[in-house]
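User: I am new to reading protein structures, and I would like a close look at one part of this one. Could you choose a sheet and explain how it is put together and what lies around it?

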Amino acid sequence: MSLAYTTEKQFAISAVQRACLVTSSVFNKLVKNETLVKGDKSPVTVGDYSAQAVISSMLHRAFPKDPIVGEEDAADLRAENGALLRNRIVELANEALSAELGIGDIPEWGIGPGSKQTADELLDAIDRGNYEGGRSGRMWTIDPIDGTKGFLRGEQYAVCLALIVDAQVQVGVLGCPNLPLDLSKPDGDKGCLFIAVKGQGAQQMKLNGADPIPLTMPPYSPSTFTFLESVEAAHSSHSTTSRISAILGLTQPPIRMDSQVKYGCLARGDGGAYLRMPTGVGYKEKIWDHATGSLLVTESGGIITDSRGHPLDFGLGRTLGENYGVIATAKDAHDRLLSAVQEVVKQEQAEAVSK
């Protein structure tokens with residue numbers, strides 16, 4: 001009996017690998033040589049568009065009926081003043097699409113030598129990411145560069161791809177070009193792929209697909225327990241995390257890094273919990289920021305909920321709706337962590353009222 005989603009898993013690995021080729025190329029060709037400004041010619045924009053073009057183009061060949069929830073659309077690229085940006089994206093995307101075939105690659109996915117596409121074909125591919133999501137059927141969600149500031153610093157970012165079926169994440173692949181294979185050896189080999197399929201476990205391998213190892217989240221240990229959280233305080237409240245640490249009596253400082261790389265690190269035991277507490281009222285998490293990571297957590301033996309203890313809901317559209325905050329940790333740590341989070345949230349709400 002064959003395992004479910006075998007083709008989708010292999011496809012996702014291939015697509016993320018090629019998208020990582022794009023992002024690495026953008027960093028080496030543009031980030032190192034250009035003034036970094038956030039604008040329509042910024043290297044981040046080029047990288048986002050190019051990586052989404054590669055994955056969406058491959059998806060259209062491999063699973064033409066599957067809709068895509070992506071972060072970008074090509075409206076600005078089609079404008080007359082978008083020619084320079086458009087030409088760069090076409091060049092970079094085609095460079096990745098036409099790279100030599102590797103293990104597991106299938107030419108029918110529109111990859112390999114001679115697989116270059118026209119500008120219109122690539123812009124159409126980007127625009128396929130406009131699906132609004134929903135509770136039934138298959139859909140893929142793409143985050144082409146998760147962790148913008150980490151990418152620009154040459155630090156941690158991720159290329160994220162997930163297959164969601166009837167609101168359940170079934171396949172997730174995370175490409176982390178700058179992540180050391182062993183976090184305790186920061187100068188060692190870098191470049192990791194994290195892969196999870198629902199009911200089949202999670203694994204890490206090198207970015208080229210070599211040396212796969214199964215992932216199992218270690219049990220709770222107060223002496224070594226530490227939080228994985230965002231570098232930017234604007235993304236997740238550092239002060240809230242500090243209060244939660246105090247309640248739990250934790251002594252280890254948090255590990256701060258950008259993007260869903262944190263989920264991969266958690267799954268392989270680099271930290272005790274991934275905590276993301278909102279910093280503003282009304283903010284809604286995007287599904288592409290958590291789909292792959294959530295599956296990595298559950299398939300490596302952990303639990304992921306919001307701060308109320310509710311499961312993350314990927315069937316509401318392009319966001320997680322009313323899910324508030326994200327808590328991911330080992331099964332034996334979740335109840336005590338959730339209790340501490342809720343205690344701190346009550347404290348902060350009371351303080352806000354008294355001001």
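Analyst: What follows describes one sheet, then its helices, a pocket and some annotated residues. The model is predicted, so local features need pLDDT of at least 70 and side-chain atom pairs count only at pLDDT 80 or more, while totals for chains, interfaces and linings use all residues. Residues are numbered from 1 along each chain as its sequence is written, and side-chain values use heavy atoms, with hydrogens and water left out.

The sheet is an open one of seven strands, in the order β1-β2-β3-β4-β5-β6-β7, with mixed pairing; strands are DSSP runs of E with at least two residues, helices are runs of H or I with at least four, and both are numbered from the N terminus, while two strands pair if DSSP finds at least two bridges between them. At the edges stand β1 (68-69) and β7 (213-214), each of which pairs on one side only. Further in, β5 (residues 190-197) and β6 run antiparallel and are joined by six bridges, and one example is L193, whose bridge partner in β6 is M205.

Two helices lie across β2, β3, β4, β5 and β6, namely α1 and α9 (residues 291-299), where contact means heavy atoms within 4.5 Å. Helix α1 runs at about 35° to β4, whereas α9 runs at about 95° to β4; these angles lie between N-to-C directions, from 0 to 180 degrees, of axes fitted to C-alpha atoms, for helices over the stretch in contact.

Helix α1 (6-31) and strand β6 (201-206) also each supply at least two residues to the lining of the second largest pocket, with α1 giving the largest share, nine residues. A pocket is an open set of points on a 1 Å grid over the protein atoms alone, where a 1.4 Å probe fits, with protein on both sides within 12 Å along at least five of seven lines, and lining residues have an atom within 4 Å of a point. The volume of this second largest pocket is about 380 Å³, counted as the space filled by probe spheres set on the points. Its lining has 20 residues, and Q17, I103, L207, N208 and G209 lie nearest the centre.

Returning to the sheet, strand β2 holds I145, which the UniProt annotation "binding site" (unreviewed entry) covers along with E71, D143, D146 and D289; such annotations may be inferred rather than shown by experiment. These residues span 219 residues in sequence, yet no two of their C-alpha atoms are more than 10.2 Å apart, so they gather at one spot.
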